[in-house]
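Please open the structure in your viewer and keep the selection tool at hand. The tour below goes from one selection to the next and says what is found at each stop.

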Amino acid sequence: MPRRPAPLPSRFSNTPFRVADALEAGVGRNRLARGDLTIPARGVRLPSGQDEFVHRVMALGLLLRQDQHVSHVSAAQLWSCPLPRWATIDSAPIHVATVGLGPIERRVGIVGHRIATDRASTAVIFGVRVSNPASAWYECRTLLSVRELVVLGDHMVGVGRLTTQAQLRATIRRGDRGVTAARAALEQIRVGSESPMETILRLIVTDAGFPEPALNVDVHDAEGRFIGRADMAWPELRIALEHDGDHHRTDPATFHRDRQRSNAFTSSGWSVIRTTAPDIRAPAAFLEELRRAFARAHDKVDRASREVALGPGRGA
């Protein structure tokens with residue numbers, strides 16, 4: 001049976017560390033080659049079980065020069081933002097920006113970028129310099145689709161409370177590569193979406209030609225009592241569009257509350273259309289249901305207008 005590795009000094013046991021620091025502290029090279037340590041980058045070791053993305057970035061941070069910082073989708077991930085799966089899988093490379101004219105990082109598992117000195121804006125997370133949220137959003141314009149940029153921006157200006165639409169706009173520079181995508185995304189970013197799915201649902205609806213919905217709309221009954229909040233709605237037509245995540249179906253209490261709220265909306269004259277993840281992937285059915293709801297609502301408005309014009313009892 002192989003012998004268990006000797007314990008590391010406590011300062012190295014639960015965090016990334018530089019090989020040079022360990023050798024200086026008396027840790028032998030053979031110990032640094034044992035299987036309970038991983039090598040996230042040359043010159044750094046990471047205790048097994050500490051190899052999540054954050055720890056990989058912390059390890060890399062030990063090697064970055066003063067003119068370098070974590071950027072692009074890697075910075076957005078550190079800010080806990082929603083990203084496509086390819087950007088967050090364990091094998092995803094870490095993006096590092098060099099500010100100014102210094103050498104671009106070329107290590108294995110790293111994607112190097114260059115940023116002009118007057119464009120760099122950073123903060124510190126977990127002891128590592130990273131692009132601030134607005135800068136990270138703009139950097140992602142060359143990596144994400146317009147829709148993915150809108151999802152990212154909605155989170156940053158909304159539930160993430162990381163930046164503002166004005167700060168996002170200030171990052172845009174004419175002539176930059178990918179600036180057209182950033183501008184297109186910025187025009188669609190809204191405060192109020194509470195999840196990536198809600199953002200995508202809103203974009204599907206507007207791309208299909210429907211008017212843009214209001215977000216997080218408080219609904220009251222005829223007596224003015226609050227009966228619920230709609231994810232998105234067209235209040236003038238009394239149409240609500242809701243997105244149900246998995247917990248809405250699997251949690252009995254949530255399911256019961258949703259049903260009570262839908263009943264209260266319906267009793268107050270609202271049309272409620274509910275969507276789930278399959279509807280996002282294949283939206284034709286719910287878009288047709290929404291179209292019918294709009295048609296019914298417009299018919300009601302037209303009838304009411306005729307009755308007002310003709311007088312009570314003469315609109316039939």
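A residue is called buried when its relative accessible area is under 20%. Keep in mind throughout that this is a predicted model.

Begin by selecting W234 and F294, both of which are buried by that cut-off. Their rings form an aromatic pair that is edge-to-face, with 5.1 Å from centre to centre and 75° between the planes. Because W234 lies in strand β10 (residues 226-234) and F294 in helix α14 (residues 284-310), the pair ties together parts that are 60 residues apart in sequence. Add F210 to the selection, and you have one aromatic cluster made of F210, W234 and F294.

The structure holds 4 aromatic pairs, and another stop among them is F12 with F17. The ring centres of F12 and F17 are 4.8 Å apart and the planes stand at 45°, so this pair counts as tilted. Both F12 and F17 are buried.

Now turn to the largest pocket, which holds about 370 Å³ of space. Its lining comprises 17 residues, and if you select I115, R119, Y138, E139 and R141 you will have those closest to the pocket centre. Strand β6 (110-115) and the helices α6 (133-139) and α8 (165-171) are the elements that each give two or more residues to this lining. Coloured by class, the lining shows 8 charged, 5 polar and 4 nonpolar residues.

Finish with Y138 and R141 alone on display: R141 lies over the face of Y138, at 4.0 Å from the ring centre.

Note on methods: Residues are numbered from 1 along each chain as its sequence is written. This is a predicted model: local features need pLDDT of at least 70, side-chain atom pairs count only at pLDDT 80 or more; totals for chains, interfaces and linings use all residues. Side-chain values use heavy atoms; hydrogens and water are left out. On a 1 Å grid over the protein atoms alone, a cavity is a set of points where a 1.4 Å probe fits but cannot get out, and a pocket is an open set with protein on both sides within 12 Å along at least five of seven lines; lining residues have an atom within 4 Å of a point. Grid points are joined across faces, edges and corners, and a volume is the space filled by probe spheres set on the points. Helices (H or I, at least four residues) and strands (E, at least two) are DSSP runs, numbered from the N terminus. Ala, Val, Leu, Ile, Met, Phe, Trp, Tyr, Cys and Pro count as nonpolar, Asp, Glu, Lys and Arg as charged, and the others, Gly among them, as polar. Rings of Phe, Tyr and Trp (its six-membered ring) pair if their centres lie within 6.5 Å; planes under 30 degrees apart count as stacked, over 60 as edge-to-face and the rest as tilted. Buried means under 20% relative accessible area, exposed over 50%, partly exposed in between (1.4 Å probe, protein chains only). A charge sits over a ring if NZ of Lys or CZ of Arg is within 6 Å of the ring centre and within 35 degrees of the ring normal.
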